[in-house]
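Hi,

Here is the structure I said I would pass on. Have a look at it first, and my notes follow underneath.

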Amino acid sequence: MWKILYNICLLLAAPVIVGVLLAKPRCRPGFFQRMGLQVHSSDCGGSQQPLIWVHAVSLGEVVAAAPLVKALHERHPEFRYIVTTVTETGREAVEQRLGGIAEHRYAPLDFPWAVASMVRRLRPMLYLFVETEIWPNLLWTLRDQDVPSVLVNGRLSSRSFRRQDLPMIRSFYRSVLQTLTLCLMQTDRDGDRLVALGADPKRVHVTGNIKFDQPLPDVRSEESLRGSFGIHGQEQLILAGSTHPGEEELLVSAYRQIVKTYPSTVLMLAPRHIERTERLEATVREAGLVVQRRSRIQEKRSGPRVVILDTRGELSRAYREAVVAFVGGTLVPVGGHNLLEPAVWGTPVMFGPHTDHCAEVATLLSKAGGGRRVTGEKDLVASLEEWLGRPEARYRVGQAARQAVLDNQGALTRSLEFIETCLLAAPSYSGSCVATGPGPLMAKH
């Protein structure tokens with residue numbers, strides 16, 4: 001019943017969905033592929049190589065999934081790996097981080113014909129999806145084809161849980177979640193929420209956050225980007241990454257106060273969506289500050305200024321150059337982004353009060369002394385001035401952040417053990433449904 005109702009609603013909403021996607025420039029690439037109207041040329045030949053399909057919606061999920069795909073490829077080079085995303089930044093991340101290991105495709109929209117076409121062409125042996133991408137038609141179709149589906153690094157924000165924890169909605173979600181073979185969740189809170197929505201408790205396991213398992217970079221061996229950012233001499237960089245409207249104004253205002261005491265600091269803003277660069281540039285100018293785009297820096301300037309990071313793929317490395325980092329989506333009710341990206345470089349991390357998407361990491365960094373939660377502009381200014389004025393204390397905070405990452409690694413190995421069990425038990429792999437290791441038995445649904 002739910003399948004019929006869902007598809008009726010989906011078809012009624014189709015004109016709006018298509019219109020919204022076409023209205024957003026970042027959603028246009030791969031549109032026809034996502035609609036099932038265009039086939040990637042590599043998928044026309046009917047390859048017989050067994051295939052694992054990994055879905056990671058965009059850049060952040062690709063970063064999290066990359067070590068997992070690499071580890072699977074090392075264990076099972078006999079497989080072909082396809083990683084799907086819905087955005088251009090996701091495609092670029094797949095090609096940069098998984099080139100030679102995995103191929104990129106745009107994920108199908110959840111229309112029945114688009115999903116069926118993708119599953120028919122790829123014929124995956126296993127489907128892995130990262131964090132929160134639950135698409136009913138896709139999961140129902142995979143279940144019907146006896147393809148195991150595994151949620152990896154799963155999480156469920158408070159807002160999503162409240163929205164879905166209603167009797168009618170819960171019944172619908174139960175019909176979808178019952179298709180999942182395994183749910184590998186980041187925290188106990190995430191696991192409890194998924195079970196409350198209808199997932200089979202026997203298939204839900206807390207394995208931790210695989211974002212901790214990113215390879216820790218060697219600060220000494222990495223080439224500095226300061227020159228390309230126009231940072232020189234004794235200038236100190238404050239980097240605010242993955243920022244959103246609303247908090248960027250607060251950051252710029254805070255910076256105007258800080259340069260009165262620390263005129264050699266430079267603020268870099270890395271907007272979450274670089275399509276907003278022009279608007280952000282105008283905002284900085286309206287605040288009376290000099291502004292430069294990273295992509296247009298041709299000569300070095302001096303004095304207080306704001307650099308907008310308007311290039312893709314540089315943010316994670318840019319954190320290395322910062323004396324202090326702020327992670328966006330936390331001063332406005334977005335829920336926060338990846339707090340670990342600056343932490344792995346030993347860069348002190350600040351974040352605002354809205355950390356629902358990264359609550360456990362925020363708490364962990366705070367308790368470890370590697371991060372600080374600020375409540376607003378006044379608190380932000382005070383904390384930045386404190387760390388800028390005390391380099392030794394700042395160093396200790398940065399090292400505590402990096403150590404916190406090291407101390408919490410291991411989720412990748414735990415997740416791999418469960419996935420390995422699932423893979424070996426897949427009907428098309430072994431011809432049986434017998435589990436051979438830790439974790440639940442595979443079951444036909």
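Ile 8 is partly exposed, because its relative accessible area is 45%, and partly exposed covers the range between 20% and 50%. Bear in mind that this is a predicted model. Ile 8 sits in helix H1, which runs over residues 2–23. Together with Met 1, Ile 4, Leu 5 and Leu 12, Ile 8 makes a nonpolar surface patch of about 570 Å².

Helix H1 also has an inward-looking story, with some aromatic rings in it. Tyr 6 in H1 and Phe 172 in helix H8 are both buried. What kind of pair do Tyr 6 and Phe 172 form? A stacked one, with 5.7 Å centre to centre and 25° between the planes. Tyr 6 is in H1 and Phe 172 in H8, so the pair ties together parts that lie 166 residues apart in sequence.

Phe 172 has another partner in Trp 140. Here the ring centres are 6.3 Å apart and the planes stand at 85°, so this pair is edge-to-face. Trp 140 belongs to helix H6, and 32 residues separate it from Phe 172 in H8. Trp 140 and Phe 172 are both buried. Ring pairs join Trp 2, Tyr 6, Trp 140, Phe 172 and Tyr 173 into a cluster. The count of aromatic pairs comes to 10.

Now for the cores. Which residues touch the most other members of the largest nonpolar core? Trp 53, Tyr 127 and Leu 177 do, out of 40 residues. At least two residues of this core come from each of H1, strand S1 (51–55), H5 (112–122), strand S4 (126–130), H6 (136–144), H8 (167–177) and strand S6 (182–185). There is also a second, separate core of 35 residues, and Val 54, Phe 79, Val 94 and Cys 422 are among them.

Back to Trp 53: leaving aside neighbours within four places in sequence, its contacts include Ile 82, Pro 108, Met 118, Leu 122, Tyr 127 and Leu 138.

One last spot to look at is His 337, in the loop between strand S12 (322–327) and helix H13 (340–343). Is His 337 buried or exposed? Buried, because its relative accessibility is 14%. Cys 358 is 21 residues from His 337 in sequence, and their C-alpha atoms are 6.9 Å apart. Cys 358 is also one of the contacts of His 337 beyond four places in sequence, and the others are Ser 242, His 244, Arg 272, Val 327, Gly 328 and Gly 329.

Cheers

Key: Residues numbered from 1 in each chain as written. Predicted model: local features only at pLDDT ≥ 70, side-chain atom pairs only at ≥ 80, totals over all residues. Heavy atoms only, no water. Patch = residues over 30% accessible without salt bridge, like charges linked within 9 Å, V, L, I, M, F, W, Y side chains within 5 Å. Areas by Shrake-Rupley, 256 points an atom, 1.4 Å probe, with all protein chains shown as cover. Salt bridge = Lys/Arg side-chain N within 4 Å of Asp/Glu carboxyl O. Helix = DSSP H or I, 4+ residues; strand = E, 2+ residues; numbered from the N terminus. Buried < 20%, exposed > 50% of the residue type's maximum accessible area, 1.4 Å probe, protein only. Core = buried A, V, L, I, M, F, W, Y, C linked by side-chain atoms within 4.5 Å. Contact = heavy atoms within 4.5 Å. Phe/Tyr/Trp six-rings, centres within 6.5 Å; stacked < 30°, edge-to-face > 60°.
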